[in-house]
Amino acid sequence: MSRATINAEPEPITIAVDRTALVIIDMQRDFLLPGGFGEALGNDVSRLNAAVRPCAWLLEVARARKMLVIHTREGHRPDLTDAPKAKVERGSPTMRIGAKGPMGRILVRGEPGHDIIAELYPREGEPIIDKPGKGSFFATDLHLILQNGGIENLIVCGVTTEVCVHTTVREANDRGYRCIVPGDCCASYFQEFHDVALKMIKAQGGIFGWVTDSAQVLQALAHEK
Ligand code: C5J
């Protein structure tokens, strides 16, 4: 079994590469491009672009190593029956979930804005988890897919750091997965939330997981034994 040691905080972590999945959270047009949900909530979406290239590097290497690659998308059924009223009613009525925007209905499955950006587009065979919430385990089959794939460790990337990445890491941690978060592969509309979210993951001896960056993961995978 090939193992890699990733330099991380609070301490280095050694992983079995074939028991590790790359999980890319919500790199959707709705969050990263103008006219989507992120902008509808009043955010500067250009702040998320910094994570795209580091994610693409990890994605390329994970594919080359034949690691399990999982993509997630936040969104709802077109009839919004899976969207809690309390979630839908937030934001201005013309720009809330289900409203028509420049990339189709906001955060609705099947609409152009709901799909993953071209740079990180899933390949055939890579599971896509469509989730109605912030966490990737809530109301999805992600845990089942990871269990059936013998996965013990997750490298978690994507947006936004303090919302869907953090919720997913917390859910995964409680389900027994070791979560490794390369900070430069994540982004937030708020720099201070990004910074604090990463600090929270690695605090108290790694209470939710390990924090590193894409270069450290790539180096570790290049020297796997
Ligand atoms: C948000 C997410 N921020 N993917 N979703 O609403 O983090």
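Me: Which residues surround the ligand?
Reply: In this predicted model, the ligand is surrounded by Asp26, Phe31, Phe37, Glu74, Lys134, Val159, Thr160, Val163 and Cys164. Each counts as near because one of its heavy atoms lies within 4 Å of the ligand.

Me: What makes the shell around the ligand 5 nonpolar, 1 polar and 3 charged residues?
Reply: Phe, Val and Cys count as nonpolar, while Asp, Glu and Lys count as charged. Thr falls among the others, so Thr160 is the 1 polar residue of the shell.

Me: Why is the pair between the ligand and the side chain of Glu74 called a polar contact?
Reply: A nitrogen atom of the ligand lies 3.0 Å from an N or O atom in that side chain. The cut-off is 3.5 Å, so the pair qualifies.

Me: What are the distances from ligand oxygen to Lys134 and to Cys164?
Reply: An oxygen atom of the ligand is 2.9 Å from an N or O atom in the Lys134 side chain, and a ligand oxygen is 3.1 Å from a polar backbone atom of Cys164. The protein covers 94% of the 230 Å² of accessible area that the ligand has on its own.

Me: Where does the ligand sit?
Reply: The ligand is in the largest pocket.

Me: Why is Cys55 not in a disulfide with Cys157?
Reply: The Cys55 sulfur is 4.5 Å from that of Cys157, and a disulfide needs 2.5 Å or less, so there is no bond. Cys185 is in no disulfide either, with the sulfur of Cys157 4.1 Å away. The whole structure has 0 disulfides.

Me: Why is Cys55 called buried?
Reply: Its relative accessible area is 1%, and buried means under 20%, so Cys55 qualifies. Cys185, at 0%, is also buried.

Notes. Residues numbered from 1 in each chain as written. Predicted model: local features only at pLDDT ≥ 70, side-chain atom pairs only at ≥ 80, totals over all residues. Heavy atoms only, no water. Polar contact = N/O pair within 3.5 Å; in protein donor to acceptor, adjacent residues only side chain to side chain. Areas by Shrake-Rupley, 256 points an atom, 1.4 Å probe, with all protein chains shown as cover. 1 Å grid on protein atoms, 1.4 Å probe; cavity = no way out; pocket = protein on both sides within 12 Å on 5 of 7 lines; lining within 4 Å. Sits in = over half its atoms within 2 Å of the grid points. Buried < 20%, exposed > 50% of the residue type's maximum accessible area, 1.4 Å probe, protein only.
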